[in-house]
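Me: I work at the bench and would like a close look at one part of this protein. Please pick a strand, go through its surroundings, and then set it against the rest of the chain.

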Amino acid sequence: MDKNAVWKWLLLAGLLAWSMVLVYPVSEKVRLGLDLQGGISFLLEVQTEELDEEAIRDARDRALEVIRNRVDLMGTEETIIYPEPRSNRIVVQIPGLDTANRDWAVRTLESAAFLEFRMVHEDNARLVRRLFDEGRAPDGYRIGTRDGRSVFLRTDDVDRVDRHTQREVLDRQRTFHAPPGYDFMLMRRGDEGAFFYEPYYVNRRRELTGENLSHAGVDYQQFGQPIVTLRFDSEGTRRFQRVTADHAPGGARNPQMDGQRFLAIVLDGVLHSAPFIRTAIYGGEAIIEGSFTLAEARDLSLVLRAGSLPAPLQVIEERNVDPTLGRESVRSGMRAIILGGVLVLVFMLGYYLFAGVIANLALILDILLLPLGMLIVSGFFGLITGGGGDGLPTLTLPGIAGIVLTIGIAVDANVLIFERIREEQKIGKRLASAIEAGYEKVFSTIMDANVTTLITAVILFWQGSGPIRGFAITLSAGIVVSMFIALVITRLMFELVAYKTKVTHIKMFSILNEPNIDFLGKRKFAAAVSVALILVTSVLFVMRGQDNFGVDFTGGTSLVYRFDDRPGQDEIRNALLSGGVSDAFIQFQRELVPDDTGVIPEFLQVKVPDGDGELAKRILPEAFPEAAFFILQEDTVGAQVGQDLRRKGIMAVLWALVGIIIYISLRFEFAFAIGAIVAVAHDVLITIGVFTLLGNQLSLPIVAALLTIVGYSVNDTIVVFDRIREDLGLIKDKSYSQIANLSINQTLNRTLLTSITTLITVTMLLIFGGGAIKDFALALFIGILVGTYSSIFVATPVVLFWHPDKEKNIKKLEETDDGKSGGKSKKKRTK
């Protein structure tokens with residue numbers, strides 16, 4: 001009996017109390033991610049090419065504070081803003097923001113309030129007159145007249161292209177017949193529906209920036225036209241005075257009394273006004289004129305008042321979830337957790353009987369301690385990666401998937417322990433001795449199996465972001481908590497039964513009673529099946545090309561629609577093509593269970609290339625008004641971000657493999673590491689091949705699923721390897737392959753039980769998860785089946801292939817022993 005049992009029980013009570021304090025009351029303590037409550041997430045990138053080397057170092061931090069001020073003034077609550085580690089990017093998550101307010105949020109955030117005062121070319125009038133005389137107009141414009149003077153008019157609607165395309169148009173315009181050191185800019189004038197544009201050549205050198213701005217407000221001109229008023233601080237006032245004094249008529253840089261110089265006021269690369277400098281301005285005040293509506297003037301003053309950024313910002317990734325979809329995700333996720341947990345509890349109780357009661361108590365304790373585990377793991381990850389947060393991590397949809405998966409894998413440690421206790425009881429040990437021997441023998445197996453899974457989780461957190469990190473935290477916390485409960489608390493429970501009750505034997509059912517299957521004898525056939533499956537799915541994968549990848553990896557926009565009347569897939573494709581959108585990926589998705597109204601939900605997913613998102617959003621509702629399309633989810637990822645995410649996904653898998661090779665080589669030997677890696681590669685390739693063959697696309701959640709499969713596959717394989725290592729030390733009269741085959745049979749019950757319990761919970765996710773979680777669960781389902789197969793038919797045969805001499809030497813030794821014994825027998829028979 002453990003002398004420290006009382007202290008361990010007290011420790012458990014304290015940890016439980018702490019964990020409950022973290023989540024109670026749930027409505028106040030548990031923060032839901034955007035995918036569970038709806039809202040919009042933006043990834044902003046600070047355009048540091050505008051800055052010198054010294055300014056780059058603090059540009060992101062200064063931008064972060066400005067964005068926080070700006071969001072506060074927007075009036076949103078519980079907004080999450082944080083910098084991405086080791087980058088010049090900022091994440092902004094605004095809960096509850098619906099699609100209707102999305103454009104306003106984008107304008108407010110992306111409008112960097114990068115205010116510049118730059119001088120107009122002194123020969124601007126001559127340069128502009130030459131453009132009109134020669135009939136030259138920039139792309140998208142034509143020459144027209146207003147009030148008897150030449151101006152530019154738009155030839156198309158600038159609002160019909162998305163904001164990234166608008167940025168590219170502006171970049172091309174800047175060099176339009178511009179002298180060296182100057183930008184060609186157009187200043188919009190007129191009223192809504194009758195805008196015209198006046199050209200200016202503006203010096204690229206800044207005389208003054210918005211960094212010295214102290215206030216911005218809204219006022220009105222004589223005829224009620226809104227304007228934005230500016231006031232500078234003392235340093236800004238001094239600079240503004242110097243600029244206006246130097247360029248006013250008779251000034252140091254404009255000595256002619258009839259000379260006219262204009263000061264361009266440029267905001268976020270757009271020319272808003274270019275007033276004539278009549279005289280020096282000493283008060284440190286200015287105005288921005290333009291064709292503003294009152295709302296536009298107020299928004300502009302808001303971003304200027306919140307603080308001008310040290311460099312422009314660009315939205316390079318946007319993810320939008322409608323609140324109705326978030327509520328449905330919570331409902332379906334909780335249903336998956338409850339049903340998965342109940343089914344596992346019933347299965348364990350029915351299979352292990354009394355030991356199943358202990359397993360179920362352990363599972364309940366795992367769930368109760370999970371919040372504390374998440375807090376500790378989040379803090380640890382924050383220390384090693386610089387990306388952790390304060391308090392309990394935000395609960396996301398992948399986080400719910402991690403909780404459901406934890407229910408399945410938490411059973412694994414108990415299964416290992418119970419099967420060991422069963423073996424010790426079979427050889428005649430009394431209950432207390434069987435318990436002690438079982439825990440001692442299984443300790444290294446549990447440690448090795450779970451450490452490899454933790455390696456993949458750490459790498460997933462390191463290389464991932466947002467919800468994927470939430471999944472990594474939840475999975476890691478589940479592993480840590482389940483190890484503590486299985487190795488410490490369940491042992492206390494068993495010892496309590498052994499020493500304080502009259503129970504002398506624990507009865508358990510068995511799937512297979514002492515199996516003796518020649519698995520390794522079938523390894524050549526299994527290898528042929530595996531190679532054929534990998535080749536076939538790989539060829540089909542290559543044939544599908546870019547359709548294998550979601551916008552996370554290719555860039556572009558993914559739209560998920562709810563609809564009333566389903567149009568045909570070809571009709572949708574033709575409508576998009578006629579509207580100018582090509583290379584669209586179109587897929588209808590159907591849930592497996594009905595919603596609260598008894599109807600099985602069906603959705604439409606449309607993926608279009610980068611730059612076509614706004615166009616696609618407008619085409620479908622116009623082409624199919626009877627369908628009543630409503631956007632439930634929108635993900636927009638820039639091409640560069642897609643490349644970055646693809647690189648991170650590949651690196652995450654490679655780093656996981658490197659970590660596993662190192663750990664297994666240290667704990668076992670290099671041959672075992674090679675066996676594990678071949679099995680992992682086998683599982684990942686087949687999972688990707690089958691998953692995409694079913695018409696699904698690879699995305700960030702699927703990378704998380706693949707890394708989970710890596711951890712699961714290695715976990716399963718290490719249990720077999722650990723038994724092989726143990727049996728090699730105990731059995732001296734069998735060949736290497738015979739010992740390996742025996743070890744596979746000895747661990748077969750555990751392999752099947754762990755797969756069954758994990759598949760139960762994954763199946764609940766597959767049925768009730770919906771959306772991205774259904775794809776995640778499908779990948780896991782395929783991976784668990786393939787991983788169970790590979791731990792038996794792939795990993796160990798590779799180890800045998802790596803050690804052919806060992807098997808040959810043992811066989812020679814057996815033949816020698818047989819020859820010697822045969823000779824002795826012959827002599828005895830002769831006598």
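Reply: A residue counts as buried when its relative accessible area is under 20%, as exposed when that area is over 50%, and as partly exposed in between. By this cut-off, 54% of the 831 residues of the protein are buried. The model is a predicted one. The part chosen here is strand 11, which covers residues 263-267.

Strand 11 is mostly covered, with five of its five residues buried. In a regular strand, side chains alternate between the two faces of the sheet. For strand 11, one side carries Leu263, Ile265 and Leu267, and the other carries Ala264 and Val266. Both of these faces are covered.

Next come the partners of this strand. Strands of a sheet pair through backbone hydrogen bonds, in either the parallel or the antiparallel sense. Strand 11 pairs with strand 4, residues 115-120, in the antiparallel sense, over five bridges. Within this pairing, Ile265 of strand 11 has Phe117 opposite. Strand 12, residues 270-273, also runs antiparallel to strand 11 and is joined to strand 11 by three bridges. Here Leu267 has Val270 of strand 12 as its bridge partner. Leu267 is also one of the buried residues on the side of strand 11 that holds Leu263 and Ile265. Strands 11 and 12 make up a hairpin, with two residues between them. In the turn of that hairpin, Asp268 has a positive phi of about 55 degrees.

Strand 13 gives a useful contrast. Its covered face consists of Ala286 and Ile288, while Glu285 and Ile287 make up an uncovered face. Strand 13 belongs to an open sheet of three strands in the order 9-10-13, paired antiparallel. Strand 9 (213-220) and strand 13 (285-288) are the edge strands of this sheet, each pairing on one side only. From one strand to the next, the twist averages 25 degrees.

Strand 10, residues 226-232, runs antiparallel to strand 13 and is joined to strand 13 by four bridges. Leu230 stands opposite Ala286 of strand 13, and Arg231 has Glu285 as its bridge partner. Of the two strand 13 residues in these pairs, Ala286 is on the covered face and Glu285 on the uncovered one. Helix 8, residues 234-247, lies across strands 10 and 13 and runs at about 105 degrees to strand 10.

A helix from further along the chain can be added. Helix 13, residues 431-463, has 33 residues and spans 47 Å from its first C-alpha to its last, close to the expected 48 Å. Helix 13 bends by about 35 degrees at Val442. Val451 is also in helix 13. Val451 counts as partly exposed because its relative accessibility is 22%. The C-alpha atoms of Val451 and Gly711 are 9.1 Å apart, although 260 residues separate the two along the chain.

Finally, some totals. The protein has 26 helices and 18 strands. Among its contacts between residues at least 6 apart in sequence, 76% join residues at least 24 apart. The protein exposes about 37500 Å², and carbon and sulfur atoms supply 58% of that area. To return to the chosen part, strand 11 is buried at five of its five residues and has antiparallel pairings with strand 4 and with strand 12.

Key. Residues are numbered from 1 along each chain as its sequence is written. This is a predicted model: local features need pLDDT of at least 70, side-chain atom pairs count only at pLDDT 80 or more; totals for chains, interfaces and linings use all residues. Side-chain values use heavy atoms; hydrogens and water are left out. Buried means under 20% relative accessible area, exposed over 50%, partly exposed in between (1.4 Å probe, protein chains only). Two strands pair if DSSP finds at least two bridges between them. Contact means heavy atoms within 4.5 Å. Accessible areas come from the Shrake-Rupley method with a 1.4 Å probe; for residues, only the protein chains shown count as cover. The expected span of a helix is 1.5 Å times one less than its number of residues. The bend at a residue is the angle between axes fitted to the seven residues ending there and the seven starting there. Axes are lines fitted to C-alpha atoms, for helices over the stretch in contact, and angles run from 0 to 180 degrees between N-to-C directions.
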